[in-house]
Amino acid sequence: MIEQAGRARTAAAALATASRTVKDAALVAMADALVARTAEIVEANAKDVEVGRAAGLSDAIIDRLSLNPARVAGMADGLRHMAGLPDPVGEVVRGSTLPNGLELRQIRVPFGVVGIIYEGRPNVTADAAGICLKSGNAALLRGSGSAAHSNAAIVAVLRDAVQGQGLPADAVQLLDAATRDSVKELMRARGLVDVLIPRGGASLIKTVVEESTVPVIETGVGNCHVYVDAHADLAKALAIALNSKTQRLSTCNTAESLLVHAAVADTFLPSALAAFAEAGVTVHGDPRVQAYDERVVPATEEDYATEYLSADIAVAVVESLDAAIAHIGRYSTGHTEAIVTDSVVASREFVARVDAAAIMVNASTRFTDGGEFGFGAEIGISTQKLHARGPMGLPELTSTKYVVTGDAHLRS
């Protein structure tokens, strides 16, 4: 790993000065190569899926792991879209002329070498490589062993495409996933690796945050809530709750809890519980929720704190907006929280008091995504409060430097 990190630093130096034209051409070449070699990638992925099923991985994890021609095409589309986005490198964040005549500019610059530790989803491999390259960074990718064949195939395709455009192939490197040693070495590679970004479950993120000597941008898990207020349009609330939970079960912006104001519970919950049952979702509810439908499973304290990533949702009745905010404050992971209401007062109160990277007002939690926000493929959803918060697009993969220009200025 140390040897690979050294090669990444060399590649990062070349990327830092590469023009947008060169980087965009590489991204398009990467996209074209993914499509041209789809069969190779899908064949490698089938090996991972077969091993995963034999190991008893859940359906949600298998869904995250699986690739098909349409998903590979989606990965390629993400890279092409990224090529059309503005280059953040060199952007002037702020500038001024000081009273003494010095010209001051703060400009965006690449981090250098970005290490990314992630689980499951092999599509992250292409997204991460692309966003790092566009922002002028070299990528050290450490995927999970469960996607080893898929990741190796994708990285081989991307490296060939990058090199074909005159950039160093070592701009994209895959670390060995056979043992945990590569993770430990990556977390200790301070001075060689500039920043680490973990993407995965709570235990992975906790380990990286607590044990890494390399600076970490924390991407958190998503225990997301939808709160149906007393002043909600209940038809809209049902559509939003269902979409937030069922549009895709295995993502961090999927709703895992539904809170319903007591004033509308009698009207809303019978239809909502029936709709969840029809969608194959198991509801874990408090005693008040259980009273509406015999199919509801009694909820435990753990249920309200769980990121299910499966066809399960925790539901509770709350007496007030204050109670909903208190519940969210207790169990939220700070990812995405939603309120459904026609009350401007309630929505403003919710937005002001709920602490999360994204707040949805009358919209599905599934919109917290770099692509949906127009940022292009994201590197993750940051739930921390330093440097970057929310979907991490291209600007979030840069740091800044100050450029000060004078004319023989001397400090007295």
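This tour visits three residues of a predicted model.

**First stop: Ser347**

Please select residues 344-353, which form helix H15, and then pick out Ser347 within that helix. Ser347 counts as buried because its relative accessible area is 13%, under the 20% limit for that term. Next, display the side chain of Ser347 together with the backbone of Val344. A polar atom of that side chain lies 2.9 Å from the backbone oxygen of Val344. To see the surroundings of Ser347 beyond its neighbours within four places in sequence, add Ile339, Thr341 and Val361 to the selection; Ser347 is in contact with these residues.

**Second stop: Leu309**

Now move to the loop that runs between helix H13 (301-304) and strand E11 (312-318), and select Leu309 there. The backbone deserves a look at this position: Leu309 is not a glycine, yet its phi is positive, at about 55 degrees. Is Leu309 buried or exposed? With a relative accessible area of 16%, Leu309 is buried.

**Third stop: Ala408**

Finally, select strand E16 (398-405) and continue into the segment after that strand, where Ala408 is found. Phi of Ala408 is again a positive value, near 60 degrees, in a residue other than glycine. A surface display may be switched on here. Ala408 has a relative accessibility of 71% and therefore counts as exposed, the limit for that term being over 50%.

To close, place the two loop and segment positions side by side in the view: Leu309 is buried, whereas Ala408 is exposed.

Methods
Residues numbered from 1 in each chain as written. Predicted model: local features only at pLDDT ≥ 70, side-chain atom pairs only at ≥ 80, totals over all residues. Heavy atoms only, no water. Helix = DSSP H or I, 4+ residues; strand = E, 2+ residues; numbered from the N terminus. Buried < 20%, exposed > 50% of the residue type's maximum accessible area, 1.4 Å probe, protein only. Polar contact = N/O pair within 3.5 Å; in protein donor to acceptor, adjacent residues only side chain to side chain. Contact = heavy atoms within 4.5 Å.
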